[in-house]
Amino acid sequence: PNEPMSNVVMTDNLPTVFSLVSYTAGASVTNFIAGTDTLTWEYGTQNPGFTDTVYVTIRVDGANADSLRTNTARIEGTPFGATGPYVALRSQACPF
C-alpha cells in the first residue's frame, strides 16, 4: 500500500533447528524453550518507503554439511482506513 501504516511489527519465529546467538538491538525476545526463539521488532506508524536492516546471528543445531535451512520473518501493519492487517513475508535460505 502507498499510504502510512500503523502497528508495524516484524516477527521472526526461528525454526527449531536454530538457536539464537545475537540480534540487532531493539528486538524484544521471547524464549520459551530452546529452539523456539521469537524475535519481535515494533515500529509503530511508518510512512511508505520505510526501511530497516536487522541482523540475527543463529547457530544451526544438528545440520548436515551442505544442508539448506530457511528462516522467514513476518512483517505486518495496518494501512490507515483498513479493517485488517497487510502482511509481507521475507524468507532467506541459508546454506550451512
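Colleague: Which side chains meet in a salt bridge here?
Modeller: Glutamate 76 and arginine 74 do, at 3.0 Å from N to O. Keep in mind that this is a predicted model.

Colleague: And how many salt bridges does the count come to?
Modeller: The count comes to one salt bridge.

Colleague: Okay, is glutamate 76 buried or exposed?
Modeller: In between. Glutamate 76 counts as partly exposed because its relative accessibility is 28%, and the cut-offs are under 20% for buried and over 50% for exposed.

Colleague: What about its partner, arginine 74?
Modeller: Arginine 74 counts as partly exposed too, with a relative accessibility of 38%.

Colleague: Switching topic: what elements is the protein built from?
Modeller: Strands. There are seven strands and zero helices, so from the N terminus on you read β-β-β-β-β-β-β.

Colleague: Where is the confidence highest, and where is it lowest?
Modeller: Strand 1, residues 5–13, has the highest mean, at 86. The lowest is in strand 7, residues 86–95, with a mean of 62.

Colleague: And for the protein overall, what's the mean pLDDT?
Modeller: The mean pLDDT is 75, and 73% of the residues reach 70 or more.

Colleague: Back to strand 1, then. Where does serine 6 sit, and is it buried or exposed?
Modeller: Serine 6 is in strand 1. Serine 6 counts as buried because its relative accessible area is 15%, and buried means under 20%.

Colleague: Which residues is serine 6 in contact with, leaving aside neighbours within four places in sequence?
Modeller: Gly44, Thr45, Gly77, Thr78 and Phe80.

Colleague: Which residues make up the largest nonpolar core?
Modeller: That core has 10 residues: Met5, Val8, Met10, Leu14, Phe18, Leu39, Trp41, Tyr43, Val60 and Ala73. Strand 1 and strand 4, which covers 37–46, each supply at least two of them.

Colleague: Why would nonpolar side chains be buried together?
Modeller: It's a general trend: in soluble globular proteins, nonpolar side chains tend to be buried together.

Colleague: How much of this protein counts as buried?
Modeller: Of its 96 residues, 25% count as buried.

Colleague: And how much accessible surface does the protein have?
Modeller: About 6,200 Å², and 52% of that belongs to carbon and sulfur atoms.

Colleague: Last one: of the contacts between residues at least 6 apart in sequence, what share join residues at least 24 apart?
Modeller: For this protein, 65% of those contacts do.

Notes
Residues numbered from 1 in each chain as written. Predicted model: local features only at pLDDT ≥ 70, side-chain atom pairs only at ≥ 80, totals over all residues. Heavy atoms only, no water. pLDDT = per-residue confidence, 0-100. Helix = DSSP H or I, 4+ residues; strand = E, 2+ residues; numbered from the N terminus. Salt bridge = Lys/Arg side-chain N within 4 Å of Asp/Glu carboxyl O. Buried < 20%, exposed > 50% of the residue type's maximum accessible area, 1.4 Å probe, protein only. Core = buried A, V, L, I, M, F, W, Y, C linked by side-chain atoms within 4.5 Å. Contact = heavy atoms within 4.5 Å. Areas by Shrake-Rupley, 256 points an atom, 1.4 Å probe, with all protein chains shown as cover.
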